[in-house]
Every structure is written in C-alpha cells, then in structure tokens.
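Open the structure in your viewer and keep the selection tool at hand. The stops below say what to select next and what is there.

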Amino acid sequence: MATAVIIAAVVGGGVLLLMRRLFPRRKAVKLLQYPTDTMRGKTVIVTGANSGIGKALAGELLKLRARVIMACRDLRSAEDVAQDLKSRAGPEQGEVVIKHLDLASLRSVRNFCEEINKEEPKIDVLVNNAGIYQCPYTKTEDGFEMQFGVNHLGHFLLTHLLLDLLKASSPSRIVVVSSKLYKYGHINFDDLNSEGNYNKAFCYSQSKLANLLFTLELAHQLEGTAVTVNALTPGMVRTRLGRHVRIPLLAKPLFHLASLVFLKSPLEGAQTPLYLACSPEVEGVSGKCFANCEEEELMAKATDKQAAKKLWDISRRMVGLADSEGFRKAGPLSGCPSLKAPKSQIFGCKEEEAVESVAAAGLPLCGHLQGPLIEGLGGAIGTGVNVLCALASSCNVALPVFGAP
Ligand SMILES: NC(=O)c1ccc[n+]([C@@H]2O[C@H](COP(=O)([O-])OP(=O)(O)OC[C@H]3O[C@@H](n4cnc5c(N)ncnc54)[C@H](OP(=O)(O)O)[C@@H]3O)[C@@H](O)[C@H]2O)c1
C-alpha cells in the first residue's frame, strides 16, 4: 500500500513538473474595460470569427457596439456563433454581418473583397486572425502549402484588396495575429510551398514569421497615410487551433486539465487584438508587435527589412498582384502536352533566378515553377533565357514558358 502511494506521488509529481515545463505559469490577465460605445459607428472585419480568439474578439466588439463583419469559411458555424454572441452582448449592442471567406482560395478572397468594396462605405479595422496549425501536408486551391497559403498569402491578398477602402476610411487599423512560434522558423525562399520537405511545425513558424515581416513592410509602405498596421502574439490560448495535433487517448484528460490551468481562455487571448483594434493608446502606432497589450521585442529575423521586402515581392507574384502585361503578350497556351525534365534542366538556373525572371516579366507566378506543372507544359522548350508565363486554359494554372532569346 505504502509503495503504491509513493509510486503515485512520484508519477503525479513528474506529470506536474512536465506540465509546468510544457506550459509555463502564466500571469493573470486583466480584462480590458472600454466605455460601451467605444466602437459605435465603426466597422471591423475579423477573419476566423467563428472560433477561439476571433469569436471572443467579435463578441467584445459587438458589446462595444461595432458593426462586426465575421469573415468565415463555414457559414453554418458562423450563424450559430453569431446567434450566441448576440444573445450575450446585452440590449445595446452593435451589428453582426456574416460573409463567406475561405483563405485557402484566392478566388474566394477576391469575391469577398469585391463584395466588401461594393457594399461597405468604410472599414475602420481589419483583423487578420484566422489561422491553421500543423495540418497534414495539403495545398490550397491555388497550389500553395496550406499553412503558408492561409496564414500568410490569403491574408496578404485580402489586405491588399481592401487597402484602398482602408485608406479612404482612415484613420484605420490593420491588426495581424501572429505567434511567438515565429522564433522557430525562417522564410525558406527556395521552397515556399515545402514541396521538397514538409515539416508541419516549421511551416507554421514560417507562416507566423511571414505575418511579422508582412506587418513590417506594410507599415513601411503605409508611412504618410493614417492607416496603421500592428501585429500581436496572443500567448497560448485554449482554442481549437490544435485540432490537427494527435494526442494519445489516455493523455487527453490530462492535457485538457493542464490547458484549463495553464492556457489563456479565448477571452483572455482576445485582449491584445481588442487593444490594438480599440485603444486610443495605439493611435498612430504602426509596424510594432504586441503581447499582453504591451510592445514586444522581436528577434532580428522578424525585423529584417530586406527579408520583408523580398517576401513582399514574391508574395505579390504568388497571389497574382504583379503586373500581368507580359501574360497578355504571351497569350493563352492551347494545351498541356507532356514533358518530363527536372526543373534545373529546364531553367538552366536556380529556381530563385527563374522566379525573378518571371517577376521581371511582370507575370503571375501562382507558386508553381516545378513538378507537375512543368511536366504539363509541353515539349517546345529551347535553351532560351526569356521566361514568360501564360495561363494554360486546359491546366487552369500559370505556367512558365521559355522562348528563344
Ligand atoms: N491558440 C493559441 O494558442 C494561439 C497561439 C498563437 C497564435 N495563435 C493564432 O491565433 C489565431 C486564431 O487562432 P485560434 O487559436 O483562435 O484557433 P481556432 O479556434 O482554430 O480558430 C481559427 C479560425 O481560423 C479559421 N480558419 C482556418 N482556416 C481558414 C480558411 N482557410 N479560411 C478562413 N478561415 C479559416 C477557422 O475556421 P473553422 O472554424 O472553419 O476551421 C477558425 O475560425 C491564429 O492565427 C493562430 O495562429 C493562436
């Protein structure tokens, strides 16, 4: 009996220590209190507002009488959440509008922005919150690795397409939800879609670093306007973000318990984005990152202006924002006869140089310069160096085409 008690105490103590290590003790979070009509007359877009931090943020904004546009990919879930938020926001509340937005589809992002630009006279705050974490290797509709595609590229295009409206509505704010896990990533410019090797933890970190570099460059580009952009890291929050992480069945209750003790609630996790969306204290502040409603110092990799500009330029091409003059000159391809050749043979140069050549031609890149697309391109490839891009109607993708010099 005594042995059993000792073993139980040792095992229990070990588990507790492990949990402490995994989930460092957190400070109590003080909930923000703003006057109830702080956001009256303001329109706020929150991506991923049907779950976790986005849901809690939407609820708080509704209480502060904002017009909240919930930008969600699952409309049924968004409807249920909107009902729930409205029923808890009190008699004097703002307004909820639900719009479909799938960040894993550039078409969906474009449709969403077209509707917003047509229907909304102004946008005061855009909160780029939606995110996906450590999913198995999948690609977005446009062929981008899912975490990079949703967390960075989808929001990149979204922000660009709403920028004129944000400028016209200024003073206005853009809020970008990143993560401290950016520390474990770098931007793998050689293989942004992780086609060579997929490490799901690295790809999440890469996408969250991309959020910070995006914030840095956008703040630079917005200098002289009254549109600000700031990022934040919410800390560890009890949400559905970890849905792709497999926890052994027996360990689940323990993790659940630990999460209740050590992780922030969604409402606590929503305090910093709420602060950045509402607080007069950050009026005019731009290009910074915040944690627990205070400015956070970032590692050098997240304040690297050159990397930020490089990522910006490549992202523009990947989402098709670069000038498409060359494409019009090239005209559409008529088919996709098969061609098998390794990309190095085709380009005769590094992929990065090929990417730059395509960019120099001002063509949409769509993230594909390799693999099946090259194979689908067709036999007539010479040794020329002119890289053009054309949209092959039968492939429905942007393809690199090599012409004679
Ligand atoms: N929880 C944390 O500890 C933590 C820590 C650091 C950073 N973050 C960041 O916080 C943000 C919010 O995450 P969360 O913790 O609140 O997780 P969550 O509960 O899983 O919420 C994520 C939201 O993003 C939406 N989403 C995912 N893919 C989408 C797509 N393709 N198009 C549109 N919406 C999409 C989800 O929609 P569905 O419901 O339809 O899936 C959901 O509404 C993320 O950017 C995350 O990286 C969270």
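How many of the residues of strand β2 (residues 67-72) are buried? Six of its six residues are, and the strand is mostly covered. A residue counts as buried if 20 or more other C-beta atoms lie within 10 Å of its own, as exposed if 12 or fewer do, and as partly exposed in between, with C-beta atoms placed from the backbone. Helices (H or I, at least four residues) and strands (E, at least two) are DSSP runs, numbered from the N terminus.

Before moving on, note that this is a predicted model, in which local features need pLDDT of at least 70 and side-chain atom pairs count only at pLDDT 80 or more, while totals for chains, interfaces and linings use all residues. Residues are numbered from 1 along each chain as its sequence is written.

**The whole protein**

Show the whole protein as a cartoon: there are 14 helices and 10 strands. The protein has 405 residues, and buried ones make up 44% of them. Of the contacts with a separation of 6 or more, 78% are between residues 24 or more positions apart. Two residues are in contact if their C-beta atoms, placed from the backbone, lie within 7 Å.

**The sheet**

Go back to β2 and colour its two faces. R67, I69 and A71 lie on one side, V68, M70 and C72 lie on the other, and all are buried. Now add strand β1 (residues 43-47), which runs parallel to β2 and is joined to it by five bridges. Select T47 to see one pairing: its bridge partner in β2 is A71.

Extend the selection to the rest of the sheet. Eight strands form an open sheet in the order β3-β2-β1-β4-β5-β6-β7-β8, with mixed pairing. Two strands pair if DSSP finds at least two bridges between them. At the edges are β3 (95-100) and β8 (294-295), each pairing on one side only. Strand β7 (residues 289-291) pairs with β8 in the antiparallel sense, over two bridges. Select A291 and its bridge partner in β8, E294.

**Helices on the sheet**

Next select helix α5, which packs on the sheet and touches β1, β4 (125-128), β5 (172-177) and β6 (227-232). The direction of α5 makes about 175° with that of β4. Axes are lines fitted to C-alpha atoms, for helices over the stretch in contact, and angles run from 0 to 180 degrees between N-to-C directions.

Helix α9 (residues 271-278) also packs on the sheet, touching β1, β4, β5, β6 and β7, and its direction makes about 165° with that of β5. α9 is mostly covered, with eight of its eight residues buried. Among them are P273, L274 and Y275.

**Three helix pairs**

Two packed helices are described by the angle between their axes and the distance between the axes. For the angle, under 35 degrees counts as roughly parallel, over 145 as roughly antiparallel, 65 to 115 as roughly perpendicular and the rest as oblique.

Select helix α4 (residues 106-119) with helix α5 (residues 146-168): their axes come within 9 Å and cross at roughly 20°. α4 is therefore roughly parallel to α5. On the α4 side, the contact residues include L106, V109 and C113, and on the α5 side they include L157, L161 and L165. By class, the contact of α4 with α5 has nine nonpolar, two polar and one charged residue. Here Ala, Val, Leu, Ile, Met, Phe, Trp, Tyr, Cys and Pro count as nonpolar, Asp, Glu, Lys and Arg as charged, and the others, Gly among them, as polar.

Now take helix α2 (residues 52-63) and helix α3 (residues 75-88), which pack at an angle of about 40° with their axes 9 Å apart. This makes α2 oblique to α3. Select K55, A58, G59 and L62 of α2, which meet V81, L85 and R88 of α3.

For the third pair, select α6 and helix α10 (residues 305-318), whose axes come within 9 Å and cross at roughly 95°. The two helices α6 and α10 are therefore roughly perpendicular to each other. Their contact involves A210, L213, L216 and E217 of α6, and residues of α10 including K305, L311 and W312. Seven of the contact residues are nonpolar, none polar and three charged.

**Last stop: H220**

Select H220, which lies in helix α6 (residues 200-221). H220 counts as partly exposed because it has 15 C-beta neighbours inside 10 Å. Then add G287: H220 and G287 are 67 residues apart in sequence and 7.4 Å apart in space, C-alpha to C-alpha.
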